[in-house]
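Dear colleague,

I am passing on the structure we spoke about, with the sequence alongside. My notes on the fold and its nonpolar cores follow below.

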Amino acid sequence: MFDFGKTAAIEVDDYMKYFSDEFACQVFMLCLKISSRGCRKCGGRKFEGRKPDRLGYRNSLRCSSCKYKESPKVHSLFEGSKVPLTGWFACIRCLFNNPEAQPSEVAWVAKVDRETSRRMIRKVKSVMPTGFCKRKKLH
């Protein structure tokens, strides 16, 4: 099983293995959010339905203390988007490999139309730290 606490380096084989479907991407996002800051409302660290096979209604987790529901896309780069997380993750991986990727290339990888890929590229690049794409490339 992938250790969500150690997300710094993910090899290509690991990427394809762990982010191949929407459910895996949702679990990753929830675990990343919880491990980084806990509950948004009360700061608690205990959640109901923490195991990936027991995610609650609409794939959200509920804080054990205040009952706040945490969902994968809310308060993130992906909030309000109809594009599935698999498409977003594919876009990020494509831009990681080639920061100057064309919208048509990203559209093909993310399985969206070209205009949607343009918006995705702008949104991802707006939050990428300087030099992020100059790291070791994934093939």
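In this predicted model, 42% of the 139 residues of the protein chain count as buried. The protein chain exposes about 8,700 Å², and carbon and sulfur atoms supply 54% of that area.

As for the fold, the protein chain holds five helices and three strands, which, read along the sequence, follow the pattern α-α-β-β-β-α-α-α. Among the contacts in the protein chain with a separation of 6 or more, 52% are made by residues 24 or more positions apart.

Turning to the interior, it may help to recall that in soluble globular proteins nonpolar side chains tend to be buried together. Here the largest nonpolar core has 22 residues, and the members that touch the most others in it are Phe78, Trp88, Phe89, Leu95, Met120 and Val124. The elements that contribute two or more residues to this core are α2 (22-37), α3 (85-97), α4 (103-110) and α5 (114-127), and of these α3 gives the most, with six residues.

Trp88 deserves a look of its own in the viewer: leaving aside residues up to four places away in sequence, Trp88 touches Leu77, Phe78, Ser81, Val83, Met120, Lys123 and Val124. Of these, Phe78, Met120 and Val124 are also listed with Trp88 among the core members that touch the most others.

A second core, separate from the one just described, consists of six residues, including Cys39, Phe47, Leu61 and Cys63.

With best wishes

Terms used
Residues are numbered from 1 along each chain as its sequence is written. This is a predicted model: local features need pLDDT of at least 70, side-chain atom pairs count only at pLDDT 80 or more; totals for chains, interfaces and linings use all residues. Side-chain values use heavy atoms; hydrogens and water are left out. A nonpolar core is a set of buried Ala, Val, Leu, Ile, Met, Phe, Trp, Tyr and Cys residues joined through side-chain atoms within 4.5 Å. Buried means under 20% relative accessible area, exposed over 50%, partly exposed in between (1.4 Å probe, protein chains only). Helices (H or I, at least four residues) and strands (E, at least two) are DSSP runs, numbered from the N terminus. Contact means heavy atoms within 4.5 Å. Accessible areas come from the Shrake-Rupley method with a 1.4 Å probe; for residues, only the protein chains shown count as cover.
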